[in-house]
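Visitor: I would like a close look at a single part of this protein. Please start with the overall picture and work inward.

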Amino acid sequence: AYDIVEGDFSFNILSEDDATVVLAKAEPPSKTSEMIIPATVYHNGKSYTVTKIGERAINSISIYNFSIFIPNTIQEIEDYGISSCYHLYLIEFEKGETPTTIGRGVLNSCGDLEQAIIYRQFIYNENVTIKPFAGKKKLDSVFLGGSWHNISEREFAGCPELIYISLHSDIHSIGAYAFQNCPKFSKFVDGGYYDQGYDYMERLSEIGEYAFSETAMSHFVFSENITHIPNRLFYKCSSLKNVYFPDSCKIEEIGVGAFMDCTELTRVVVSKNVTSIAYLAFMNCTSLESVELPTGLSSIERRAFSSCTNLEAIELPETLQKIGEGCFYGCKNLNSLIIDGNNPNYYSENGIYIDKELILTLDEIKVKGNRNINSSIINLLNEIEELAHYYNMERNMFISDSVELAIKEKEERVF
């Protein structure tokens, strides 16, 4: 039994003092495919505000081209509150400042969902492991506006048909894996009606790891509030051609594999405040031809530019203190590697770079190696000293400060 029945909707009273009710059960619309949830209902001469959609309240509705409109009075959708609506194609949340709390299983088994219009922020219960829109196979467009400012972790991950997000609100953060494996997702578009040209991403201050990995993003402009590029942000973005760092950009670090396997990226001008480029940051960017590094850069970690087969030239700044092992391994067309002459740690010669603390003669290498080195390496060194130099040029490898360890481990790590 329900406290109030009005049309296709049944409600239970939550509080007489606050005059609030929960939508307990919704029947399929009898005359239309559109369900408009009322903001208020009347009972015994009293007005009640609908503030909640109860557990499985809108469930197992199989009407084709079904749509749901949710008023801004709804503050919570309980577990599976909207679920098993197999042919739901559109859901719209009315504009409002109060966030809506979302429970587990909301939009579960709503596989035909194509469009979402959301005008207020979602807050998720702790038991929510799969976000409502994640994995929706037919979802192709989303409009975010009103009080929606934060795209949470895995919010739209695994939506193979999602093409764009239309914005009419400032985005402050994008969580980890937010758009991962959305192979058609390519851009954020201006959803404003009267303020065309306004940058809704201008206030973006935080992006999580893998946020855009395996998407069709072709370009991206970092806001001045971003301080670091997270790990594998654009991993396997094979359509990414351009990234822009404004002069006011505050980015100090490029994370692990941030641009790894971005095979269409051709040119990068690294932000002037960047001091560290992490492991695998630009690995296998096979179209990368030009990289401009900032004067304050202090470290490039292992294999940061490895297998960038089109990279022909690069200049390393005076401030550089560390070049990781195999940094340019596999850069077969790298013919010009220049290090600022004032760099106290490295110098370049014939296209290779050398650590000034590791200028070893052949005899010194053999002395170091005699402690833990097999005879085949000694014989190789004895045959011809120039072989090591030649092999370094061909492979563009760097003999790091772990020479002794490398000799102990594997012969091929040294040459």
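What does the accessible surface of the protein come to, and what percentage of that belongs to carbon and sulfur atoms? After that, take me to the core around Phe305.

Guide: Note that this is a predicted model. The accessible surface of the protein comes to about 19,500 Å². Carbon and sulfur atoms hold 45% of that area.

Now the fold. The protein has five helices and 33 strands. There are 415 residues, and 49% of them count as buried. Take the contacts with a separation of 6 or more: 49% of these join residues 24 or more positions apart.

Next, the core. In soluble globular proteins, nonpolar side chains tend to be buried together. Here the largest nonpolar core has 106 residues. Phe305 is one of the residues with the most contacts inside that core. Ile58, Ile174, Phe179, Phe212, Phe222 and Phe259 are also on that list.

Look at Phe305 itself. Set aside its neighbours within four places in sequence. On one side of Phe305 in sequence, the contacts are Ile277, Phe282, Leu288, Val291, Leu293 and Ile300. Cys327, Phe328 and Cys331 complete the set. Two cysteines and two phenylalanines are thus among the partners of Phe305.

A second core is separate from this one. That core has seven residues, including Ala176, Tyr210, Met260 and Leu280.

One polar spot for contrast. Ser152 sits in the loop between strand 16 (150-151) and strand 17 (164-168). Its side chain makes a polar contact of 3.0 Å with the side chain of Lys131. Beyond four places in sequence, Ser152 touches Lys131, Tyr124, Gly175 and Ala178.

Key:
Residues are numbered from 1 along each chain as its sequence is written. This is a predicted model: local features need pLDDT of at least 70, side-chain atom pairs count only at pLDDT 80 or more; totals for chains, interfaces and linings use all residues. Side-chain values use heavy atoms; hydrogens and water are left out. Helices (H or I, at least four residues) and strands (E, at least two) are DSSP runs, numbered from the N terminus. Buried means under 20% relative accessible area, exposed over 50%, partly exposed in between (1.4 Å probe, protein chains only). Contact means heavy atoms within 4.5 Å. Accessible areas come from the Shrake-Rupley method with a 1.4 Å probe; for residues, only the protein chains shown count as cover. A nonpolar core is a set of buried Ala, Val, Leu, Ile, Met, Phe, Trp, Tyr and Cys residues joined through side-chain atoms within 4.5 Å. A polar contact is a pair of N or O atoms within 3.5 Å; within protein, one must be able to donate a hydrogen and the other to accept it, and residues adjacent in sequence count only if both atoms are side-chain atoms.
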